[in-house]
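Please look through the sequence and the model below before reading on. The paragraphs after it are meant to be read with the structure in view.

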Amino acid sequence: MSLDAHDITWSANGAPIIDGITVSLPQGRLTGLLGPNGSGKSTLLRLLAGLLRPRAGTVLLDGRRLGELPRREVARRLAVVAQETSTDIDMTVTDVVMLGRIPHRTGLARVSGDGPRDVLEAEKALARCGLEGWGDRRWSTLSGGERQRVNIARALAQRPTELLLDEPTNHLDIHHQLDLLRMLADAPTTVVASLHDLNLAAQYCDHLLLMEAGRLVASGPPAEVLTEQWLERVYRVRATVTLSPDGRPHLRYTSLDDPSPAFTSGDGR
Ligand SMILES: Nc1ncnc2c1ncn2[C@@H]1O[C@H](COP(=O)(O)OP(=O)(O)OP(=O)(O)O)[C@@H](O)[C@H]1O
């Protein structure tokens with residue numbers, strides 16, 4: 001089970017958005033995709049998911065070109081949780097989660113609807129997202145964070161081998177952010193998630209990818225990627241990095257434009 005990109009590019013209106021990225025997602029691990037606003041994280045996730053076709057280069061699933069695989073196989077294998085969700089659909093939580101089971105239906109089940117396995121997977125997925133008993137709630141009545149968790153349950157119900165999530169901690173309170181990242185870190189699935197909270201990325205991810213202006217500028221374990229030098233260059237922040245006993249970095253930062261006493265000297269204060 002592997003998902004790789006080789007020298008992929010993508011552009012819009014002649015401007016390069018993804019500029020020659022080569023990447024392999026570590027199998028069964030949680031990879032954090034980092035980078036400032038507009039650096040290309042969502043676009044890279046869409047390319048890896050086959051939702052966009054690279055202008056050049058290839059995306060390979062188990063060594064086979066994504067564009068040449070049967071769509072059904074890709075729909076079973078890859079699950080995507082995108083950033084935006086529609087607010088006005090009139091479905092129950094169970095209906096939404098069951099969407100994740102559609103690629104698995106074959107033969108008669110395509111028309112006969114949910115089978116016992118589908119129901120079981122949906123219930124398990126809801127439970128993993130702390131949503132037991134929520135099946136009859138109407139989607140349109142859910143809060144932003146509740147919708148986010150239902151969408152993640154839909155992706156888990158799909159039982160993907162590769163799970164791609166665009167800012168999955170968006171809308172979630174800190175308790176649910178920690179629960180989600182722990183669950184993703186413990187899952188036997190290959191997971192890549194774009195994240196803006198660098199300390200959470202450091203705490204839970206096995207592997208990090210750091211993007212800047214459409215390019216992948218650093219990749220590796222958190223302690224190799226979240227360095228003071230990279231943070232200053234890519235995010236324009238001055239950081240102090242300390243390592244916790246398990247070797248994971250912990251960051252404290254301030255903007256380069258902020259003359260904070262913690263980071264200045266000789267100014268008489
Ligand atoms: N279809 C498009 N047409 C024009 N520009 C686009 C298109 N898609 C993306 N872009 C531009 O490409 C850049 C990368 O966008 P992308 O959404 O991938 O960034 P991101 O790293 O996910 O940002 P954020 O952290 O703000 O979500 C942005 O400058 C965006 O405006």
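What follows goes from the two sheets to the ligand, and from there to the contact between the domains.

The model is a predicted one, and the domain assignment divides the protein into domain 1, residues 3-226, and domain 2, residues 227-269.

A convenient place to begin is the sheet of four strands, which is open, follows the order 2-1-4-5 and is paired in the antiparallel sense. Its edges are formed by strand 2 (15-24) and strand 5 (64-65), each of which pairs on one side only. Strand 1, residues 3-12, runs antiparallel to strand 2 and is joined to it by seven bridges; within this pairing, Thr-9 has Asp-19 of strand 2 as its bridge partner.

Two aspartates in this part of the chain deserve a look for their backbone geometry. Asp-7, which lies in strand 1, has a positive phi of about 50 degrees although it is not a glycine. This residue is exposed, because 12 other C-beta atoms lie within 10 Å of its own, and a residue with 12 or fewer such neighbours counts as exposed. Asp-62, in the loop between strand 4 and strand 5, likewise has a positive phi, near 50 degrees, without being a glycine. With 13 C-beta neighbours inside 10 Å, Asp-62 counts as partly exposed.

Across strand 1, strand 2 and strand 4 (56-61) lies helix 1, which runs at about 125 degrees to strand 1. Helix 1 is mostly covered, with six of its eight residues buried, and the buried residues are Lys-41, Thr-43, Leu-44, Leu-45, Leu-47 and Leu-48. Just after the helix, Gly-50 adopts a positive phi of about 80 degrees.

Helix 1 also leads to the ligand, since what surrounds the ligand can be traced along the chain. Which element gives the largest share of the shell around the ligand? That share, three residues, comes from helix 1, residues 41-48. The residues that surround the ligand are Ala-12, Asn-13, Ile-17, Gly-35, Asn-37, Gly-38, Ser-39, Gly-40, Lys-41, Ser-42 and Thr-43. Sorted by class, this shell holds two nonpolar, eight polar and one charged residues. Lys-41 and Thr-43, both in the shell, are also among the buried residues of helix 1.

The other sheet is open as well and contains six strands in the order 6-7-8-3-9-10, with mixed pairing. Strand 6 (78-81) and strand 10 stand at its edges, and because each has a single partner strand, one side of each is left without a neighbour in the sheet. From one strand to the next, the twist averages 15 degrees.

Two of the pairings in this sheet show its mixed character in detail. Strand 3, residues 30-34, pairs with strand 9 in the parallel sense over four bridges, and Gly-32 stands opposite Leu-208 in strand 9. Strand 9 and strand 10, by contrast, pair in the antiparallel sense over five bridges; here Leu-210 has Ala-218 of strand 10 as its bridge partner, while Glu-212 stands opposite Arg-215. The hairpin of these two strands has two residues between them, and in it Ala-213 takes a positive phi near 50 degrees.

Ahead of strand 9, in the loop that connects helix 8 to this strand, is Cys-205. Is Cys-205 buried or exposed? Cys-205 counts as buried because it has 27 C-beta neighbours inside 10 Å, where 20 or more are required. Apart from its neighbours within four places in sequence, Cys-205 is in contact with Leu-30, Thr-31, Gly-32 and Pro-222. Cys-205 and Arg-248 are 43 residues apart in sequence, yet their C-alpha atoms are 9.7 Å apart in space.

The last step is the relation between the two domains, whose centres, taken over C-alpha atoms, are separated by 31 Å. Their contact takes 14 residues from domain 1 and twelve residues from domain 2. On the side of domain 1 that touches domain 2, helix 8 (198-204), strand 9 (207-212), strand 10 (215-220) and helix 9 (222-225) each supply at least two residues, and helix 8 gives the most, with four residues. By class, this side of domain 1 has ten nonpolar, three polar and one charged residues.

How values were computed. Residues are numbered from 1 along each chain as its sequence is written. This is a predicted model: local features need pLDDT of at least 70, side-chain atom pairs count only at pLDDT 80 or more; totals for chains, interfaces and linings use all residues. A residue is near a molecule or strand if its C-beta atom, placed from the backbone, lies within 6 Å of it. Ala, Val, Leu, Ile, Met, Phe, Trp, Tyr, Cys and Pro count as nonpolar, Asp, Glu, Lys and Arg as charged, and the others, Gly among them, as polar. Domain bounds come from an automatic or database domain assignment. Two residues are in contact if their C-beta atoms, placed from the backbone, lie within 7 Å. Two strands pair if DSSP finds at least two bridges between them. Axes are lines fitted to C-alpha atoms, for helices over the stretch in contact, and angles run from 0 to 180 degrees between N-to-C directions.
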